[in-house]
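Reader: I am new to this structure. Please take me closely through the part around the ligand, then on to the empty spaces.

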Amino acid sequence: MTNYFRSSVNAIASYVPGEQPKRGAQIVKLNSNENPYPPSPKALAVLQNIDAELLRRYPQPFGEEFRQAASKVLEVPSNWIVVGNGSDELLNLVMRACAEPGRKVVYPTPTYVLYRTLAQIQAADIVEIPYNEDYSLPLQQLVAVNGAVTFIASPNSPSGHAVPIDDLRQLAASLSGVLVIDEAYVDFAEENALSLVKEYENVISIRTLSKGYSLAGLRLGFAVANPQLLDGLFKVKDSYNIDAIATAVGAAAISDQAYKNACVAKIKASRTQLATDLKRLGFRVWNSQANFLLVQPPKKNAQYLYHKLKEHSILVRYFHLPKLDDKLRITIGTDEQNQALVAALADLLEIKF
Ligand SMILES: Cc1ncc(COP(=O)(O)O)c(C=O)c1O
């Protein structure tokens, strides 16, 4: 067939998301960092009461109802918030507004692989800088490149580590381009970077309702930055990028902090327990401030275990990538799911308790 695409599109390796099993399949799904608990009952009540009139009309172009709710919770003015179709869309808006051929997009690796795809779509110059062995930030190298956009996921995926706020502050102060702090997993972390958004005009924090709020299927994310920086993002976004249902349900979800905090507390306790159990099986387990663990099996046979677990209807994430192909990324499930995983692994490793 004729090749119809731009050369920069031809160069892209398609993003492979975590497997999504069929509805109703009896699977322990620990591969996409979803929250194992249902969304807030208050958000579900709003969903059940969506009326036809809301669907007949176009939605609010800036998701005003959600913006107002987020503004209250985060204590930032609502014009410092932009809402998107998942945080993926917000990453893309930054890329579309700031990246082009001849401009550098920079990020430490390993990290969220979508940064590369989005930069490739804009045919930007990509600079990947490996994290130090202990996942400390290669600060001087990032500063030396001084990209038009620098992406830092904190907590990072797949490592789970959080970048200290002081490192992010130094980076923000030293860069002349935009610093994107991807805080998709911030609800499970000890600190957040919101203060930096207020301190530095070039910092944008990107968040999601997919993880802490159990709403990955709703597709709702938002970013916080000063209004001048958001202006550029508004220019490149679709007119109605968030639908009326997401706006209304998301507003109720973010307003129910008590419910979200209770789910997060359970997940953090389970994270500690799962780390302990896996260490007992001989796994190396990296410290995590997210809702998943990066682990290395005792025999480093990650791919084998990934396939075997799948045969047992347990999905975890395996990355066929340098430095990651001997590790697994495991989402924290309910305690019952985590125990099923540990039992299956003990069986596969032939360890008797
Ligand atoms: C680091 C990171 N950022 C952003 C996202 C995208 O989240 P969403 O588009 O669901 O908001 C993910 C998804 O797993 C992620 O791991």
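Author: Start with helix α5 (residues 86-98), which gives the largest share of the shell around the ligand, three residues. Helices here are DSSP runs of H or I, at least four residues, numbered from the N terminus. This is a predicted model, in which local features need pLDDT of at least 70 and side-chain atom pairs count only at pLDDT 80 or more, while totals for chains, interfaces and linings use all residues. Residues are numbered from 1 along each chain as its sequence is written, and side-chain values use heavy atoms, with hydrogens and water left out.

Around the ligand sit G86, S87, D88, Y112, D182, A184, Y185, T208, S210, K211 and R219. Each has a heavy atom within 4 Å of it. By class, the shell has three nonpolar, four polar and four charged residues. Here Ala, Val, Leu, Ile, Met, Phe, Trp, Tyr, Cys and Pro count as nonpolar, Asp, Glu, Lys and Arg as charged, and the others, Gly among them, as polar.

Now the polar contacts (pairs of N or O atoms within 3.5 Å). S87 uses its backbone: a polar atom there is 2.7 Å from an oxygen atom of the ligand. T208 uses its side chain, with a polar atom 2.5 Å from a ligand oxygen. In R219, a side-chain N or O atom is 2.7 Å from an oxygen atom of the ligand. The ligand taken alone exposes 400 Å², and the protein buries 91% of that. These areas come from the Shrake-Rupley method with a 1.4 Å probe.

Next, a pocket: on a 1 Å grid over the protein atoms alone, it is an open set of points with protein on both sides within 12 Å along at least five of seven lines. The second largest one has a volume of about 580 Å³. Its lining holds 29 residues, and Q20, E34, N35, A216 and G217 lie nearest its centre. Helices α2 (41-48) and α11 (244-255) each give two or more residues to that lining. Why does this pocket lie between domain 1 and domain 2? Because domain 1 (18-38 + 258-348) and domain 2 (41-255) both give residues to its lining.

Last come the cavities, where a 1.4 Å probe fits but cannot get out. The structure holds two of 30 Å³ or more. The largest has about 60 Å³ of space. Its lining includes S154, P155, E183 and Q289. The second largest has about 30 Å³. S40, G212, Y213, A253, D256, Y259 and K260 line that one.

Definitions and conventions
Polar contact = N/O pair within 3.5 Å; in protein donor to acceptor, adjacent residues only side chain to side chain. 1 Å grid on protein atoms, 1.4 Å probe; cavity = no way out; pocket = protein on both sides within 12 Å on 5 of 7 lines; lining within 4 Å. Points joined across faces, edges and corners; volume = space filled by probe spheres on them. Domains from an automatic or database assignment.
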